[in-house]
Amino acid sequence: MAKVTFNIDRCKGCNLCVEACPKKILALSHDELNAKGFHPVEIIDESRCIGCGFCATMCPEAAITVEKEGRAEISAAMEKVLMKGNEAMAEAAIIAGCRFFFGYPITPQTEVAAYMAKRMLEVGGVNLQAESELAAISMVMGASSTGVRVMTSSSSPGISLMGEGISYLAGCDLPALLINVQRAGPGLGGIQPAQSDYFQATRSMAHGDFHIISLAPNSVQEMADLTMKAFDLADQYRMQVMILADAILGQMMEPVILRDAEKKKLPEKTWAVTGTGGRRKKNIINSLYLSVEELDKVNRERFARYKIVEEKETLFEEYMTDDAEIVMAAYGATSRICKNAIATARTKGIKVGLIRPITLWPFPKKAFQKVAQRAKAFLCVEMSMGQMIDDIRLAVGGSKRVAFCGRVGGMVPSPEEILEKLEQLNGGGVNA
Ligand code: SF4
Ligand code: SF4
């Protein structure tokens, strides 16, 4: 026997659960109003409930708990909610302990800032819409200097404006989360999805010798999970971590479980500027070194840390590569389109698989080197003119052909276009 309970005062009367219920036993109340002033949902015939949990899954307010045989199947506490990618990243950041957000609105990431404006008030945090992206990143720097978890978020042209500040963060070894919900460029470009900031995120963020860790989610769930991970990575290695998303992921809605933050043992922030109280030597946050020997030493130490990140933190997904003769490479939203193309290609007898880099820096070179021993060719699929393709070529060292399929300007490669390339490549006709 299933039991459905509602937190009536959370309900906003959106009707999603009513539509989702396969038994059609939910309805919005005609008479009752809840504390928010909405007609809340009610159950008409609980005896017909099968405990499927669809209602709870769909509820954006986590207002429904479904119990089956005395056990909570789906509950508000599990936080399985339908969310936009942009909002999931913002909520995950709050769960991870971020209480400082500084940003400037730009499409298609504005929901991150809008969500933070609402939630930071509720959790006692600080949300500030700066006068510009340069001001926002400078505020991030100030907050990070004190050891708190802090983030900013923007979209392609806005991230370019933050470049100087990101270099200063790197020069000062200050942890921070940077979100880039990419749009088409260059210049102001357009507001549609793109993956043309790959070079920027992996090798040319700004002046100076430094790297940032770049994480590329391909679902709303991963956007939430990687946001939490990003804060841990930033604190562990005193680095700047970017979530490189795009307009598709930022705007789409999917069910997501907002898990509790993992309790990792992280290094203490003994470097933070928190006031000495006369008990210790002053901490100084600085990126200016007039002694050439000292600057050389600081840079070498930073790159020794980067080496550890490359060894320990590289992430990727391998999909159907065991017998693959052609291995596709794609990240983010594009990787999902590739999986669709793989399903059709396999029915036509084309042995194809996919490597999906989850960390773009560090790039999963070893995964490509391993499959290159067997695969005949690679096909890189991107929403750009071809940027990640260079990393694949470097990884396989020219040993295999690396072809390309891409769309730009806000256009998205279709499964049919990818399939056509695969068929050509399978027949040996695609020039890299
Ligand atoms: S658990 Fe399933 S059957 Fe029961 S009310 Fe929810 S959606 Fe309907
Ligand atoms: S989905 Fe949630 S918020 Fe919407 S009507 Fe149902 S209980 Fe209320």
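Reader: Are helices H5 and H6 roughly parallel or roughly antiparallel to each other?

Author: This is a predicted model, in which local features need pLDDT of at least 70, side-chain atom pairs count only at pLDDT 80 or more, and totals for chains, interfaces and linings use all residues. Residues are numbered from 1 along each chain as its sequence is written, while chains are lettered from A and ligands numbered from 1 in the order in which they are written. Helix H5 (residues 133-145) and helix H6 (residues 156-171), with helices taken as DSSP runs (H or I) of at least four residues, strands (E) as runs of at least two, and both numbered from the N terminus, pack at an angle of about 30° with their axes 8 Å apart, the axes being lines fitted to C-alpha atoms over the stretch in contact and angles running from 0 to 180 degrees between N-to-C directions. Because angles under 35 degrees count as roughly parallel, over 145 as roughly antiparallel, 65 to 115 as roughly perpendicular and the rest as oblique, H5 and H6 are roughly parallel.

Reader: Is Ala-367 buried or exposed?

Author: Ala-367 has its place in helix H12 (residues 365-372), and its C-alpha lies 8.0 Å from that of Phe-316, although the two are 51 residues apart in sequence. A residue is buried if 20 or more other C-beta atoms, placed from the backbone, lie within 10 Å of its own, exposed if 12 or fewer, and partly exposed in between. Since Ala-367 has 21 C-beta neighbours inside 10 Å, Ala-367 counts as buried.

Reader: Which strand and which helix each supply at least two residues of the shell around ligand 1?

Author: Ligand 1 is surrounded by 16 residues, a residue being near a molecule if its C-beta atom, placed from the backbone, lies within 6 Å of it. The closest are Cys-21, Cys-49, Cys-52, Phe-54 and Cys-55. The elements that each supply at least two residues of this shell are strand E1 (2-6) and helix H2 (54-58).
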